[in-house]
Amino acid sequence: MTELTGPEAIARVKDLVEDIDFTMLTTRDDAGNLVSRPMSTRQMDDNGDIWFFTSDDSKKVDEAEAHHEVGLSYCDAKGMRYVSVAGRASVVHDADKMKELYSPSLDIWFEEGLDTPDIALLKVTPVETEFWEPAKGKIAMAAGMLKAFVSKDTPDDDIMNHGRITH
């Protein structure tokens, strides 16, 4: 596995997170259970923070405010690309940031657009991020795995790119 670090790894995470778009946001409920739901990523900013729109009166906001530690799991199974983020969540009410990130596609969730009374942003600040993706494309990876299967050997080390970022 080819290990990516530093600015190269951060750039790959940004590309992956914004391209895969949907993630499973995992919070902890009052009973201590891990609870996940799909969220659409609006942006990973230059500081590495990942932004989502939400409603103030949602369970996920209550859970994120009670237990700030959250997880994000991005999965593009067809492209064999994956990102895992352990981070800290906070609810943000910044009108300028909302204007920057809002698009009409969100009107389905927020009927009054940015004037929806309980609209908010959920910001996840990564603490630990890890990702995996094919090093030479999906077809080359599949060929390498097939070769390893037929030869009863382990796949070549350079079949996947992997990165871990501790923030």
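Visitor: Among contacts between residues at least 6 apart in sequence, what percentage join residues at least 24 apart?
Guide: This is a predicted model, and in its chain that figure comes to 69%. A pair counts as a contact when heavy atoms lie within 4.5 Å.

Visitor: What makes up the chain, element by element?
Guide: Starting from the N terminus, you read β-α-β-β-β-β-α-β-β-α-β-α-β. That comes to 4 helices and 9 strands. Of the 167 residues, 43% are buried. The chain exposes about 9500 Å², with carbon and sulfur atoms supplying 54% of that.

Visitor: How do you know whether Asp19 and Arg81 meet in a salt bridge?
Guide: Check the N to O distance between the two side chains, which is 2.7 Å. The cut-off is 4 Å between a side-chain nitrogen of Lys or Arg and a carboxyl oxygen of Asp or Glu, so this pair is a salt bridge. Asp19 sits in helix H1 (residues 6–20) and Arg81 in strand E7 (residues 81–92), so the pair links distant parts of the chain, 62 residues apart. In total, the structure holds 11 salt bridges.

Visitor: Is Arg81 called buried or exposed, and why?
Guide: Its relative accessible area is 17%. Buried means under 20%, so Arg81 is buried.

Visitor: What about Arg164: which residue does its side chain meet in a salt bridge at 2.9 Å, N to O?
Guide: That would be Glu128. Arg164 belongs to strand E9 (residues 160–166) and Glu128 to strand E8 (residues 119–134), so the salt bridge ties together parts 36 residues apart in sequence. Arg164 also forms a salt bridge with Glu130, where the closest N and O atoms are 2.7 Å apart. Glu130 is in strand E8 and Arg164 in strand E9, so this pair ties together parts that are 34 residues apart in sequence.

Visitor: Why do Arg164 and Glu128 get the label they have, given 47% for one and 25% for the other?
Guide: Partly exposed covers what lies between under 20% and over 50%. Arg164 has a relative accessible area of 47%, so Arg164 is partly exposed. Glu128 has 25%, so Glu128 is partly exposed too.

Visitor: And what is Glu130 called, at 16% relative accessibility?
Guide: Buried, because 16% falls under the 20% cut-off.

Visitor: Which residues are joined into one network by salt bridges that share partners?
Guide: Arg12, Asp15 and Glu133. Arg12 is in helix H1 and has 23% relative accessibility, so Arg12 counts as partly exposed. Leaving aside residues up to four places away in sequence, Arg12 touches Leu4, Phe131 and Glu133. There is also His162, 150 residues apart from Arg12 along the chain, with 10.0 Å separating their C-alpha atoms.

Visitor: What label does Trp132 get, and where does it lie?
Guide: Trp132 lies in strand E8. Its relative accessible area is 25%, so partly exposed is the right label for Trp132. Trp132 and Cys75 are 57 residues apart in sequence, and C-alpha to C-alpha they are 9.9 Å apart.

Visitor: What makes a negative surface patch here, and which residues form it?
Guide: Asp30, Asp57, Asp62 and Glu65 form it. Asp and Glu count as negative. Patch residues need over 30% relative accessible area and no salt bridge, with like charges joined within 9 Å.

Visitor: Why is Asp57 called what it is, at 61% relative accessibility?
Guide: Exposed means over 50%, and Asp57 has 61%, so Asp57 counts as exposed. Asp57 lies in the loop between strand E5 (50–55) and helix H2 (59–66).

Visitor: What is the phi of Asp21, and where does Asp21 sit?
Guide: Phi is about 70 degrees, a positive value although Asp21 is not a glycine. Asp21 is placed in the loop between H1 and strand E2 (22–28).

Visitor: Which phi value does Met80 have?
Guide: Near 55 degrees, which is positive in a residue other than glycine. Met80 is in the loop between strand E6 (69–76) and E7.

Technical notes
Residues are numbered from 1 along each chain as its sequence is written. This is a predicted model: local features need pLDDT of at least 70, side-chain atom pairs count only at pLDDT 80 or more; totals for chains, interfaces and linings use all residues. Side-chain values use heavy atoms; hydrogens and water are left out. Helices (H or I, at least four residues) and strands (E, at least two) are DSSP runs, numbered from the N terminus. Buried means under 20% relative accessible area, exposed over 50%, partly exposed in between (1.4 Å probe, protein chains only). Accessible areas come from the Shrake-Rupley method with a 1.4 Å probe; for residues, only the protein chains shown count as cover. Patches are made of residues with over 30% relative accessible area and no salt bridge: like charges are joined within 9 Å, nonpolar side chains (Val, Leu, Ile, Met, Phe, Trp, Tyr) within 5 Å. The place of a charge is taken as NZ of Lys, CZ of Arg, CG of Asp or CD of Glu.
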